[in-house]
Amino acid sequence: MSSHTLYTPEVRAAVLAHYQRAADLIASNFPLAPVEAVEYYPGPGGRAEYTASLHHPVPDSIPTVEIGEFGHTKPYIAIAPNSLLWLVHHNAIGFASWTPSPLDPESVGFGRIILTALHGATVDDLEWAMLLIQSALRDRRVECIPVLGAGISAAVFIPFSDTPTYESVRAWLHDVADTAAASHPLLTTTVDPPRKRAIHVCVATNAVGRISALPYTLEGNAALEMMTPIEWDELGKVRNGAVTAYNSAERLAKGDVFGRLWIELAVQPFAELRR
């Protein structure tokens with residue numbers, strides 16, 4: 001991370017004010033999870049640069065977590081309100097993780113399915129795809145939390161109350177994604193699909209070190225859009241890009257939507273779901 005001022009005063013003020021509101025929510029949902037910070041050069045809309053494992057000392061007040069096998073571990077900054085704000089002061093705009101269990105940074109806390117519009121697919125297509133994924137998961141007795149992403153993208157987060165391995169969850173989610181894609185031509189799981197309107201369904205980030213953006217964090221595009229958790233009955237009412245660093249106070253005043261839905265789904269062990 002850089003210590004010099006990278007962004008305009010307006011951008012820095014908006015990003016800092018946003019995380020002063022959102023840092024506690026992020027930390028309460030992903031306590032002490034390893035985090036990667038994202039800077040953008042030469043500013044929002046520019047090239048993204050990720051800070052992963054640490055190569056330089058950080059202040060003693062900043063929590064860290066060791067990832068990897070004994071003798072071959074790498075330190076990561078861990079999510080806490082003070083660590084997120086410290087990173088913001090060092091030019092972070094976005095934050096991402098592989099959302100591990102609070103009990104074990106190398107076991108799954110939340111499975112994730114990432115949805116991205118391709119080749120002219122619309123927000124309406126994205127919302128329909130989210131419902132298709134919800135249905136595919138419910139067929140397996142699984143509930144999920146919808147999160148609107150930047151541009152025409154979204155994610156669903158699937159909380160687990162036990163500590164399954166990433167390999168087992170990823171294999172299971174591949175089956176979910178393939179089944180959903182087979183049910184409707186709008187969805188594709190192909191890495192390099194034909195150039196036609198589609199929503200790409202990705203589960204590859206369910207692995208240690210493979211990251212995706214966290215709820216309530218910002219995308220480093222020109223609008224500074226927030227990754228916005230929603231209730232399912234808000235789908236189609238709260239639209240992609242509606243919440244940004246510049247107006248997130250109004251949305252965050254509604255409280256922790258993600259955390260509330262997580263509590264409702266807390267008893268959802270992966271071991272039971274696979275039977």
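Two residues are in contact here when they have heavy atoms within 4.5 Å of each other. Keep that in mind as you click around, and remember that this is a predicted model.

**Stop 1: Val 201**

Start by selecting strand β12, residues 198-202, and pick out Val 201 inside it. Show what surrounds Val 201: leaving aside neighbours within four places in sequence, it is in contact with Ile 113, Ile 114, Leu 115, Ile 133, Ala 177, Leu 187, Thr 188 and Thr 189. Is Val 201 buried or exposed? It is buried, because its relative accessible area is 4%, and the cut-off for buried is under 20%. Now add Ala 155 to the selection: the two residues are 46 apart along the chain, and their C-alpha atoms are separated by 9.4 Å.

**Stop 2: Val 38**

Next, jump to strand β1, where you'll find Val 38. Val 38 is buried too, with a relative accessible area of 4%. Which residues does Val 38 touch, once those up to four places away in sequence are set aside? Colour Ala 48, Glu 49 and Tyr 50, then Asn 91, Ala 92, Ile 93, Gly 94 and Phe 95, and you have the list. If you'd like a long line across the view, draw one from Val 38 to Ser 135: they are 97 residues apart in sequence, and C-alpha to C-alpha they lie 33 Å apart in space.

**Stop 3: the largest nonpolar core**

Time to look at a whole group of residues. The largest nonpolar core has 47 residues, and the members that touch the most others are Ile 26, Phe 30, Ile 79, Phe 95 and Tyr 216. To see where the core draws its residues from, select α1 (9-29), β1 (36-41), α2 (81-89), β8 (110-118), β9 (145-148), β10 (153-159) and α6 (257-264), each of which gives two or more. Which element provides the largest share? That's α1, with nine residues.

Zoom in on Ile 79. Not counting residues up to four places away in sequence, Ile 79 touches Ile 26, Ala 27, Phe 30, Pro 31, Leu 32, Ala 33, Val 35, Leu 84 and Leu 214. Apart from this core lies another one, of 45 residues; try highlighting Trp 172, Ala 180, Leu 186 and Ile 230, which are among them.

**Stop 4: two helices side by side**

Show α1 and α2 on their own. Their axes come within 9 Å and cross at roughly 160°. An angle over 145 degrees counts as roughly antiparallel, so that is how α1 runs relative to α2. The crossing of these two helices is right-handed.

Now bring up the side chains at the contact. From α1, select Arg 12, Val 15, Leu 16, Tyr 19, Gln 20, Ala 23, Asp 24, Ile 26 and Ala 27; from α2, select Pro 81, Leu 84, Leu 85, Val 88 and His 89. What do you get if you colour by class? The contact of α1 with α2 has 10 nonpolar, two polar and two charged residues.

**Stop 5: some backbone oddities**

Most residues other than glycine have a negative phi, and most peptide bonds are trans. Here are some exceptions to visit.

- Leu 32, in the loop between α1 and β1, has a positive phi of about 60°.
- Leu 224 sits in the loop between β13 (212-213) and β14 (228-229). Its phi is positive as well, near 55°, and Leu 224 is buried, with a relative accessible area of 0%.
- Pro 42 is in the loop between β1 and β2 (47-51). The peptide bond leading to Pro 42 from Tyr 41 is cis, with omega near 0°.

Note on methods:
Residues numbered from 1 in each chain as written. Predicted model: local features only at pLDDT ≥ 70, side-chain atom pairs only at ≥ 80, totals over all residues. Heavy atoms only, no water. Core = buried A, V, L, I, M, F, W, Y, C linked by side-chain atoms within 4.5 Å. Buried < 20%, exposed > 50% of the residue type's maximum accessible area, 1.4 Å probe, protein only. Helix = DSSP H or I, 4+ residues; strand = E, 2+ residues; numbered from the N terminus. Axes fitted to C-alpha atoms, helices over the stretch in contact; angles between N-to-C directions. Parallel < 35°, antiparallel > 145°, perpendicular 65-115°, else oblique. Left-handed = near helix turned anticlockwise from the far one by under 90°. Nonpolar A, V, L, I, M, F, W, Y, C, P; charged D, E, K, R; others polar.
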